[in-house]
Amino acid sequence: TVNVSSTRMDFSGAGAGTEAQFVILGSLIGATDNNATIRAQEDARVTFGDAGNAATVDLNDGTGGTESIETRTGGHIEFLNTTDPVTLNDSATNSEVAGETSTITVGDGSTNPNIVVTGNNNFETTFAGPGIFNLNSGTWTQNANNWITGQGAETVATVNIGGGATAAVM
């Protein structure tokens, strides 16, 4: 179990295309009331669960910040196999900084993660740089605010839904 009680947990790679992999198979518990409880940046890939192990993600980050999860500069967050539900009280921002492509992925095509957005702010598929959102399987429920594919005229968003043996529901 990893407990986060500070401003946020930053996962960083070396950048320049050198990926750092972080796989969480147990529990990650965040108790902040600030921005970006989890941030993946500089080519970091943060993966929750795998085919045989469900991760518990309890962000409990209140609604005082701007996002529960954030990617930037080539960062990737993957919810592949999680215990239900993963609640994002402050939504999600993908590709927050212009530059390298960042990705948020839900499901691997055979798993059924359940992501629920309940609080402040929009889900940004891409905020500033190129961003990809993959909903391979599982459910993404947007209970508050908007789901925005591209925030600015210069942003490039790619959205992929479905394609796995398990249904993808948005």
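Two strands are taken to pair if DSSP finds at least two bridges between them. On this basis, in the predicted model, six strands form an open sheet with parallel pairing. Their order is β3-β6-β9-β12-β15-β18. The edges are β3 (20-24) and β18 (157-161), each of which pairs on one side only. From one strand to the next, the twist averages 10 degrees. The protein as a whole has 19 strands and zero helices.

Contacts and burial were computed for the whole protein. Of its 170 residues, 48% are buried. Among contacts with a separation of 6 or more, 83% join residues 24 or more positions apart. The accessible surface is about 6,700 Å². Carbon and sulfur atoms contribute 45% of that surface.

At one edge of the sheet, β18 pairs with β15 (residues 131-135) in the parallel sense, over five bridges. Asn134 has Asn160 of β18 as its bridge partner. Ala157 also belongs to β18. Its relative accessible area is 34%, so Ala157 is partly exposed. Beyond its neighbours within four places in sequence, Ala157 contacts Thr125, Thr126, Gly131, Thr149 and Gly150. The C-alpha atoms of Ala157 and Asn94 lie 9.6 Å apart, although the two residues are separated by 63 residues in sequence.

Asn94 is also among the contacts of Thr103, a residue of strand β12 (residues 102-106). The relative accessibility of Thr103 is 10%, below the 20% cut-off, and Thr103 therefore counts as buried. Residues up to four places away in sequence aside, Thr103 also touches Thr71, Gly75, His76, Ile77, Ile132 and Asn134.

A nonpolar surface patch consists of Val159, Ile161 and Met170. Together these residues have about 240 Å² of accessible area. Met170 lies in the segment after β19 (168-169). Met170 is partly exposed, at a relative accessible area of 40%.

Strand β2 (residues 9-12) shows alternating side chains. Met9 and Phe11 point to one face and are buried. Asp10 and Ser12 point to the other face and are not buried. Four bridges join β2 to strand β5 (residues 38-41) in the parallel sense. Within β5, Ala40 is the bridge partner of Phe11.

Strand β5 also takes part in a salt bridge. The count of salt bridges is five. In one of them, Glu70 pairs with Arg39, with the closest N and O atoms 2.5 Å apart. This pair links distant parts of the chain: Glu70 is in strand β8 (residues 69-71) and Arg39 in β5, 31 residues apart. Both partners are buried: Glu70 has a relative accessibility of 1%, and Arg39 has 10%.

Glu70 forms a further salt bridge with Arg72, at 3.0 Å between the closest N and O atoms. Arg72 is buried as well, with a relative accessible area of 18%. Arg72 in turn bridges to Glu96, where the closest N and O atoms are 2.1 Å apart. Arg72 sits in the loop between β8 and β9 (76-79), and Glu96 in the loop between β11 (92-93) and β12, so this pair ties together parts 24 residues apart in sequence. Glu96 is partly exposed, at 21% relative accessibility. Arg39, Glu70, Arg72 and Glu96 are thus linked in a network of salt bridges.

Note on methods: Residues are numbered from 1 along each chain as its sequence is written. This is a predicted model: local features need pLDDT of at least 70, side-chain atom pairs count only at pLDDT 80 or more; totals for chains, interfaces and linings use all residues. Side-chain values use heavy atoms; hydrogens and water are left out. Helices (H or I, at least four residues) and strands (E, at least two) are DSSP runs, numbered from the N terminus. Axes are lines fitted to C-alpha atoms, for helices over the stretch in contact, and angles run from 0 to 180 degrees between N-to-C directions. Buried means under 20% relative accessible area, exposed over 50%, partly exposed in between (1.4 Å probe, protein chains only). Contact means heavy atoms within 4.5 Å. Accessible areas come from the Shrake-Rupley method with a 1.4 Å probe; for residues, only the protein chains shown count as cover. Patches are made of residues with over 30% relative accessible area and no salt bridge: like charges are joined within 9 Å, nonpolar side chains (Val, Leu, Ile, Met, Phe, Trp, Tyr) within 5 Å. A salt bridge is a side-chain nitrogen of Lys or Arg within 4 Å of a carboxyl oxygen of Asp or Glu.
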